[in-house]
Amino acid sequence: GRCSDGWLMANVTPVEADCARARDAGALVHEGVVDRPWGQKEFVVEDPDGFWLTFWQVTDPAAHGAPAP
């Protein structure tokens, strides 16, 4: 695949289960679940039309720019 001109990001929980579900459904997973230093974990898939979709979950609200609960 190629990197698409646009992108979509969706906040999902739990991100690991959604990544596994996408992989099991035959999605092309470009990057499995990774922890990011900005307080989230995410994974990236490519849809049948070639668009890259990023699914993420906040893991550290303070690092993500939100006040801690």
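Which residues is Cys19 in contact with, leaving aside its neighbours within four places in sequence?

**View 1. Contacts of Cys19 in a predicted model.** Cys19 is in contact (heavy atoms within 4.5 Å) with Val29, Gly32, Val33 and Phe43, once its neighbours within four places in sequence are left aside. The model is predicted, with local features needing pLDDT of at least 70 and side-chain atom pairs pLDDT 80 or more, while totals for chains, interfaces and linings use all residues. Residues are numbered from 1 along each chain as its sequence is written, and side-chain values use heavy atoms, without hydrogens and water.

**View 2. The two faces of helix H1 (residues 15-24).** Helices are DSSP runs of H or I with at least four residues, strands are E runs of at least two, and both are numbered from the N terminus. Val15, Asp18, Cys19 and Ala22 are the buried residues of H1 (buried: under 20% relative accessible area; exposed: over 50%; 1.4 Å probe, protein chains only). They fall within an arc of 100° seen down the helix axis, so they line one face of H1; the arc is taken from the directions from the axis to the C-beta atoms. Exposed Arg21 and Asp24 lie on the face turned away from the buried side. The buried residues pack against strands E2 (28-36), E3 (40-46) and E4 (52-58).

**View 3. The aromatic pair Phe43 and Phe55.** One aromatic pair is found in the whole structure (ring centres within 6.5 Å; planes under 30 degrees apart count as stacked, over 60 as edge-to-face and the rest as tilted, with the six-membered ring used for Trp). The ring centres of Phe43 and Phe55 are 5.2 Å apart and the planes meet at 20°, so the pair is stacked. Phe43 belongs to strand E3 and Phe55 to strand E4, 12 residues apart. Both residues are buried.
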